[in-house]
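Trainee: I would like to learn how to read helices, sheets and contacts in a model. Please take them one at a time.

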Amino acid sequence: MLLDTTKVTAEENIWKLLEEVSDPEIPVLSILDLGVLKKVQVQENGKVQVTITPTYSGCPAMNTIAADIKLKLLAEGYPDVAVNLQLSPAWTTDWLTPEGKRKLEDYGIAPPVEPEGDIHALFGRDTVVRCPLCTSENTKLISQFGSTSCKAHYQCENCLEPFDYFKCLK
Amino acid sequence: MDLHHTPTAAVQTYSPELRALLFGYTLQLADTSLILGHRLSEWCGHGPILEQDLAMANIALDLIGETRSLYQYAAELEGKGHSEDDLAYLREAVDYKNPLLVELPNGDFGDTVMRQFLFDGFHLFLLKELQNSPDPGLAAIAAKSFKEASYHLKWSSEWIIRLGDGTEESKRRIQKALANLWRYSGELYTMTQTEQQLAQSEFIPDYATLQPQWDAHVARVFAEATLEVPQNVFMQQGGKTGRHTEHLGYLLTELQYLQRAYPGLEW
């Protein structure tokens with residue numbers, strides 16, 4: 001019983017510690033805000049198993065995130081840590097926390113907007129994205145592909161600033 | 001960095017025959033996305049405008065991400081202790097099982113867009129069905145990549161329309177690309193023995209059920225782009241059984257150079 005309590009406390013503690021590990025490409029977001037951290041397990045021998053899921057298949061940030069998790073936990077007294085990658089269920093922008101979306105907008109990146117129709121429809125209407133700088137909805141899509149896998153490139157027709165949109169993935 | 005996927009438990013329950021079939025198929029999918037991803041990566045820094053340079057690099061990254069998952073899973077199915085790197089870097093051209101279309105040189109931007117368009121539709125509709133495979137390994141990879149592939153097909157479809165219904169010059173070029181590349185589209189849907197056996201046991205969809213969706217999408221986009229589809233074309237094939245064009249050898253020479261020169265090298 002005592003052992004179980006210790007284990008639960010250790011796991012809760014690790015979740016808290018990992019709030020400080022951020023996405024290297026969007027440093028305002030923690031891996032918890034992003035919904036990338038899936039599971040923390042502390043085994044009886046003290047070994048820690050951390051499971052993360054990639055946002056995009058080719059996201060080059062995953063290796064850095066795994067290394068940052070290990071370094072963070074090493075510094076906090078957990079020397080034996082393994083990080084595993086889990087694909088299923090596949091990550092979706094629905095897992096971004098409301099707090100994460102707010103942080104994104106404050107940072108100048110428009111958060112994902114719920115699409116009006118089927119996101120996989122090939123000739124659907126473009127989603128209305130609000131400019132994170134002047135909040136105008138008079139914006140236009142420049143390219144579905146932006147500075148990282150998870151972002152599209154927009155421009156505001158009101159304040160004329162180009163900006164990143166964290167595109168919806170479902 | 002040793003970041004690996006959690007192993008798929010179901011693999012342990014498969015018969016050796018099923019494992020061999022799934023290994024062959026997974027390898028073929030991996031080869032296909034690797035070779036096309038590599039081709040697209042050759043554009044990096046050479047795109048016609050910055051946004052499209054980024055778009056092609058992004059699509060390449062998605063494809064190579066999918067490739068890594070597939071090679072890791074293939075290595076697991078094979079069970080001989082190979083790594084994803086062994087499979088990508090230490091096999092010869094004849095061992096590669098990608099369809100011919102994806103290994104063809106980039107040509108001009110129109111050729112690249114056309115090659116991508118013909119592939120993207122096939123890729124998207126296949127992944128959509130493969131998500132329901134009873135094999136959890138393939139289903140997980142397909143579910144992940146399906147979401148990304150929607151954006152690929154939107155991109156290439158829009159460019160086909162823009163170039164086809166664009167200037168005289170863009171129309172001439174994209175029509176020429178279609179005339180040259182159409183003959184490689186048939187191989188995508190020609191099933192190998194491995195594919196037929198897996199389709200019979202319902203591990204993968206029968207490609208004949210995918211083709212009508214592709215036909216409809218392609219016809220709609222070509223009509224909007226005012227392009228004419230070549231008629232009565234002899235369809236080339238061979239890549240999926242290891243008979244490649246001369247281009248693949250040159251591509252692999254560059255792709256595999258570091259591992260051949262410095263075996264076991266890691267970042």
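Trainee: What span should helix α2 (residues 50-78) of chain B have, at 1.5 Å a residue?

Mentor: The expected span of a helix is 1.5 Å times one less than its number of residues. Helices (H or I, at least four residues) and strands (E, at least two) are DSSP runs, numbered from the N terminus. For the 29 residues of α2(B) the expected span is 42 Å, and the end C-alpha atoms lie 41 Å apart, which agrees. This is a predicted model, in which local features need pLDDT of at least 70 and side-chain atom pairs count only at pLDDT 80 or more, while totals for chains, interfaces and linings use all residues. Residues are numbered from 1 along each chain as its sequence is written, and chains are lettered from A and ligands numbered from 1 in the order in which they are written.

Trainee: Is α2(B) mostly covered or mostly exposed, and what follows just after α2(B)?

Mentor: A residue is buried if 20 or more other C-beta atoms, placed from the backbone, lie within 10 Å of its own. By that count 22 of the 29 residues of α2(B) are buried, so the helix is mostly covered. Just after α2(B) comes G79(B), with a positive phi of about 70°.

Trainee: Which strands make up the open sheet, and in what order?

Mentor: Two strands pair if DSSP finds at least two bridges between them. Here 4 strands form an open sheet with mixed pairing, in the order β3(A)-β4(A)-β5(A)-β1(B). β3 (37-42) of chain A and β1 (4-5) of chain B are at the edges with a single partner strand each, so one side of each has no neighbour in the sheet.

Trainee: How many bridges join β5(A) to β1(B)?

Mentor: Strand β5 (residues 81-85) of chain A runs parallel to β1(B), and 2 bridges join them. N84(A) has H4(B) as its bridge partner, and L85(A) stands opposite H5(B).

Trainee: How many residues does each chain bring to the contact?

Mentor: Two residues are in contact if their C-beta atoms, placed from the backbone, lie within 7 Å. Chain A gives 27 residues and chain B gives 29 residues. On the chain A side, α3, β5 and β7 (139-143) each give two or more residues, and α3(A) gives the most, with 4 residues.

Trainee: Where does helix α3(A) lie?

Mentor: Axes are lines fitted to C-alpha atoms, for helices over the stretch in contact, and angles run from 0 to 180 degrees between N-to-C directions. Helix α3 (residues 61-75) of chain A lies across β4 (48-52) and β5 of chain A, at about 155° to β5(A).

Conventions. A residue is buried if 20 or more other C-beta atoms lie within 10 Å of its own, exposed if 12 or fewer, and partly exposed in between; C-beta atoms are placed from the backbone.
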